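Let's practise describing how packed helices sit against each other. Take the exercises one step at a time, with the structure open beside you.

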Amino acid sequence: MALAFDEYGRPFIILREQESTTRLRGLDAQKANISAGVAVARILRTSLGPKGMDKMLQNPDGDITISNDGATILEQMDVDNQIGKLMVELSRSQDYEIGDGTTGVVVMAGALLEQAERLLERGIHPIRVAEGFEISSRIAVAHLEQIAHKFEFSATDTEQLVQTCMTTLSSKIVKRCKRSLAEIAVKAVMAVADLERKDVNLDLIKVEGKVGRRLEDTELIHGILVDKDMSHPQMPKQIEDAKIAILTCPFEPPKPKTKHKVDIDTVEKFQTLRLQEQKYFDDMIQKCKDVGATLVICQWGFDDEANHLLMHRNLPAVRWVGGVELELIAIATGGRIVPRFQELTPEKLGKAGLVREKAFGTTKDRMLYIEHCANSRAVTIFIRGGNKMMIEETKRSIHDALCVARNLIRNNSIVYGGGAAEISCSIAIEAAADKYPGVEQYAIRAFADALDSVPMALAENSGLQPIETLSAVKSQQIKDNNPCCGIDCNDIGTNDMREQNVFETLIGKQQQMLLATQVVKMILKIDDVISPSEY
């Protein structure tokens with residue numbers, strides 16, 4: 001890019017390779033960006049709410065994903081447009097921070113962009129629109145604080161947490177089992193939660209899945225589930241009061257690391273070498289036995305001869321266990337991961353009340369349950385289902401439910417779902433707009449209109465008359481001054497979300513509004529787009 005001047009001394013820009021780049025400026029650039037953002041939002045709009053549709057995505061390898069989780073859909077979609085990528089980032093950041101509400105945040109941003117386009121066409125400067133949106137989002141976040149309700153729960157009384165998790169799961173494919181799955185999610189979170197510090201380490205909750213049986217057979221295991229079996233079929237399938245040695249060193253005679261050759265030209269030499277290796281390995285097993293280990297879990301493999309010797313010396317072993325699983329086993333059993341045999345001591349052994357191997361179906365699928373551990377902080381949710389896609393989608397749904405429970409432990413305030421919070425904020429922003437005399441007032445009213453698009457999408461997806469339903473609920477909220485009125489998606493016959501038990505976390509809703517506003521402000525500030533033209 002270079003700067004030149006015409007005969008009147010006015011500067012103009014010369015672009016290198018002008019014919020191979022396209023350039024959009026001013027309103028055209030903003031409109032192009034807005035339409036890209038809105039296009040992404042429209043894709044997700046139909047998957048909002050309990051009656052929302054699922055999307056089926058096929059990646060280049062032919063693997064199919066069926067989901068209605070906003071972050072997953074956008075992650076799998078091949079978005080070329082840079083503004084579209086911003087929307088993908090938006091849902092991802094909502095997923096990282098809150099874990100739930102990834103579809104709603106994109107729908108909200110799309111609605112704000114549509115409103116912004118109308119304002120720009122009227123000749124309002126984009127910076128003034130952005131400022132108006134910023135003011136509105138602050139009003140909305142403050143209003144959410146006012147209408148929020150505190151949930152009181154304890155380690156024994158978790159009904160409120162379960163109800164909130166059920167709201168999350170009701171928009172997923174697993175909604176027929178939402179009660180049992182919500183209870184499993186809450187129990188898992190409460191098992192690993194530190195209620196004093198209001199903190200939950202979700203890394204301690206492992207989610208495993210196996211095809212077969214029904215979704216109702218999903219269970220919570222207070223311990224660790226490892227997708228491995230005993231290294232030898234004749235080893236005991238059940239060990240009680242197990243003392244576990246967790247090793248990250250290879251459980252076999254050392255391989256010569258040098259490039260030298262060993263010439264074995266007589267049978268005696270070979271015999272000596274074999275006995276030497278066997279003695280070396282016997283010493284290893286003896287070390288494990290001496291410290292009192294009754295089960296060895298090893299990160300590496302061991303060959304058939306080693307396996308045979310372990311079997312003979314009555315030391316059950318599991319091989320090829322992944323690093324993450326080893327860490328979880330160490331946390332659960334209170335053991336230490338041992339990198340060298342010389343360091344093995346009785347204090348470093350993990351303790352578990354029961355280690356059992358369980359077979360599934362008619363295939364040779366086996367898994368190892370490590371239960372009744374010394375430190376029961378690590379738990380596993382074991383999902384069953386009819387096919388792989390179902391299990392994957394259930395994992396994503398459970399992740400959302402776990403995040404919701406974690407957020408409630410961090411901050412136990414909730415707002416009402418079904419679009420109730422958005423409608424209430426919309427009314428509050430509309431009322432506050434009169435206090436602002438400048439051009440921002442238009443943007444503030446536009447923000448209020450944009451908020452209505454979430455309940456409108458919920459009504460559309462539920463097969464109701466969108467405008468009629470929304471205006472009825474809105475007038476009911478204003479008349480009764482009741483921020484709990486939302487869209488009756490499940491056709492129960494009441495618009496009061498308190499009676500329907502439809503809750504959402506306050507921090508999740510606030511984050512949605514803040515993130516959507518930030519992204520829209522960013523898109524509005526772009527007024528010049530230079531891109532290489534397509535060949």
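Angles under 35 degrees count as roughly parallel, over 145 as roughly antiparallel, 65 to 115 as roughly perpendicular and the rest as oblique. The model is predicted, so local features need pLDDT of at least 70 and side-chain atom pairs pLDDT 80 or more, while totals for chains, interfaces and linings use all residues. Residues are numbered from 1 along each chain as its sequence is written, and side-chain values use heavy atoms, without hydrogens and water.

**Exercise 1.** Work out which orientation class fits H6 and H7.

*Step 1.* Find the helices: H6 covers residues 159-169 and H7 covers residues 178-192 (helices are DSSP runs of H or I, at least four residues, numbered from the N terminus).

*Step 2.* Read the geometry: their axes come within 8 Å and cross at roughly 125° (axes are lines fitted to C-alpha atoms over the stretch in contact, and angles run from 0 to 180 degrees between N-to-C directions).

*Step 3.* H6 and H7 are therefore oblique to each other.

**Exercise 2.** Describe the contact of H5 with H12 by residue class.

*Step 1.* Place the pair: H5 spans residues 126-147, H12 spans residues 420-432, and their axes come within 9 Å.

*Step 2.* List the partners: Ser136, Ile139, Ala140, His143, Leu144 and Ile147 in H5 meet Ala421, Ser424, Cys425, Ala428, Ile429 and Ala432 in H12 (contact means heavy atoms within 4.5 Å).

*Step 3.* Sort them: nine are nonpolar, three polar and none charged (Ala, Val, Leu, Ile, Met, Phe, Trp, Tyr, Cys and Pro count as nonpolar, Asp, Glu, Lys and Arg as charged, and the others, Gly among them, as polar).

Conventions. Helix = DSSP H or I, 4+ residues; strand = E, 2+ residues; numbered from the N terminus.
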